[in-house]
Amino acid sequence: NDAIAQAYAYFQHGQLEAAHNILQPLALQVSADFNLLHLAGAVAAGLQMYGQAIELFRRALVLKPDDLSAGYKLGRALYDADRREEALSSYLQLISAGARHADLYLAAALLLQESGRDEEALQTVEHAVRLSPQHADAWHRHAVLLARLSRPGDALHSVQQAVMLAPDRPACRFDLALILFSLHRNDEALIEVDRVLTTEPSFTDAWACRAAVLGRLRRYDESMAASEKALSLRPGDPDATVNLALTQLTLGRFDSAWLLYETRWQGELANPYRHADIPRWPGLQDAAGKTVLLWAEQGLGDTIQFCRYALRVAALGANVVLEVHASLKTLSQTLSMVSKQSIVVKAIGETLPEVDYQIPLMSLPLVFDTRCLLYTSDAADDMQCV
């Protein structure tokens, strides 16, 4: 008992190695009781010895199966050991057994979210909010899930609750800025992201968000400066790079913009890259006699604007297959009227013929070294803010 008391004192003062040296031999004994195993598991987890911690917590739970603290710590150790499915199962078992603690529901909700089970995660975190309405993290997770489920109006209320409860927490205020941005409340979003940067000047994502907001507000020089600041903090960051590309496209600076814009496939909110199993078209030198799939990647307006490149690819002697939204199929078929070669048009989802290469429509200006556009929309409206 004296040894355990000494180990506990070491644990309380953060002297984990000293505590571990006392507890580990005692925990190996068959007669080790619940309190010893629980404390030894906590020390091992603190030392990032997760395998050992998991074993100790499981032994402790054999002695006291309903202990919430040990069960929660077991789930946490499994999570830290990157055994996410086991961690989720552990949390859900505790919930099914009747455990009622906000942190438990919150931990389960995070794992459900990571598994793409957003609706279940939302229902789970709502239990945490009801159990602990002053829990800033619960309101914050609630807001994140509502935003992921395309409910930004509802998310705004939840994130405002989180900010009210934790006004000095940059993550909550940053997500408030993101949600305001998604609602096109750009002036308010700028105020919030600037508050974040006042306290966290090296917050890369906040600089990328600032760039996106400023782009929306048509303050282009400031937007580019914010993107460049983000890139100085995190070189190659895809979202900051795309924001910079979009601003340059808006200003007609195509020489650098098209190459930067290729980063659009790498960001957190990037569209899926369809047809990745087909080799990408290497360019103008390999066109004659080849069948090249050009595919729409964005909205109707961008598809209408850039489908004209099908004529240029066909003019190189390639057989062109153009994949577009179903609503644009009939319109796109009129391209064959001005082409010496037939252009096969398919709706997204239809069976495609055999092709040699593929390339998304919005990559063709880079291939053809486009220096001007027939029509320019406000590209800044598409800026990524994550």
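This report covers the sheet, the nonpolar cores, one pocket and a few single residues of a predicted model.

## The sheet

Four strands make up an open sheet. Their order is β3-β2-β1-β4, and the pairing is parallel. Strands of a sheet pair through backbone hydrogen bonds, either parallel or antiparallel. The edges are taken by β3 (343-347) and β4 (357-360), each of which pairs on one side only. On average, neighbouring strands of this sheet are turned by 20° against each other, with direction ignored.

Start at the β3 edge. Strand β2 (residues 319-324) pairs with β3 in the parallel sense, over five bridges. Here Val321 stands opposite Val344 in β3. Next comes the step from β2 to β1, again parallel and joined by five bridges. Val292 has Val320 in β2 as its bridge partner. At the other edge, β1 (residues 291-295) and β4 pair in the parallel sense over four bridges. Leu294 has its bridge partner in β4, namely Ile359.

How much of β2 is buried? Five of its six residues are, and the strand is mostly covered. Strand β3 has two unlike faces: Ile343, Val345 and Ala347 form the covered one, while Val344 and Lys346 form the uncovered one. In a regular strand the side chains alternate between the two faces of the sheet. Val344, which stands opposite Val321, belongs to the uncovered face of β3.

## Nonpolar cores

The largest nonpolar core has 80 residues. Leu23 and Cys209 have the most contacts inside it. Helix α7 (residues 102-114) gives the largest share of this core, nine residues. Another core lies apart from it and has 33 residues. Ala310, Val313, Ala314 and Leu335 are among them.

## The second largest pocket

The second largest pocket has a volume of about 240 Å³. Its lining consists of 15 residues. Which of them lie nearest the centre? They are Leu61, Pro65, Ser90, Gln93 and Leu94. Three elements give two or more residues to the lining of this pocket: α4 (50-63), α5 (68-80) and α6 (84-96). The largest share comes from α6, with five residues. By class, the lining has eight nonpolar, four polar and three charged residues.

## Single residues

Four residues are set out below by accessibility.

| Residue | Relative accessible area | Class |
|---|---|---|
| Ala240 | 0% | buried |
| Asp237 | 5% | buried |
| Asp369 | 45% | partly exposed |
| Asp82 | 55% | exposed |

Ala240 sits in helix α15 (residues 238-250). Because its relative accessibility is 0%, below the 20% limit, Ala240 counts as buried. Gly267 is 27 residues away from Ala240 in sequence. In space the two are 8.9 Å apart, C-alpha to C-alpha.

Asp237 is placed in the loop between α14 (220-233) and α15. Is this charged residue buried or exposed? At 5% relative accessibility, Asp237 falls under the 20% limit and so counts as buried. Asp237 and Ile304 are 67 residues apart in sequence, and their C-alpha atoms are 30 Å apart in space.

Two further residues stand out by their backbone. Most residues other than glycine have a negative phi, and most peptide bonds are trans. Asp82 has a positive phi of about 65°, although it is not a glycine. Its place is in the loop between α5 and α6. Both of these helices give two or more residues to the lining of the second largest pocket. Asp82 has a relative accessible area of 55%, over the 50% limit, and is therefore exposed.

Asp369 also has a positive phi, near 55°, in a residue other than glycine. Asp369 lies in the segment after α20 (364-367). Its relative accessible area is 45%, between the 20% and 50% limits, so Asp369 is partly exposed.

Methods:
Residues numbered from 1 in each chain as written. Predicted model: local features only at pLDDT ≥ 70, side-chain atom pairs only at ≥ 80, totals over all residues. Heavy atoms only, no water. 1 Å grid on protein atoms, 1.4 Å probe; cavity = no way out; pocket = protein on both sides within 12 Å on 5 of 7 lines; lining within 4 Å. Points joined across faces, edges and corners; volume = space filled by probe spheres on them. Nonpolar A, V, L, I, M, F, W, Y, C, P; charged D, E, K, R; others polar. Pairing = 2+ DSSP bridges. Axes fitted to C-alpha atoms, helices over the stretch in contact; angles between N-to-C directions. Core = buried A, V, L, I, M, F, W, Y, C linked by side-chain atoms within 4.5 Å. Buried < 20%, exposed > 50% of the residue type's maximum accessible area, 1.4 Å probe, protein only.
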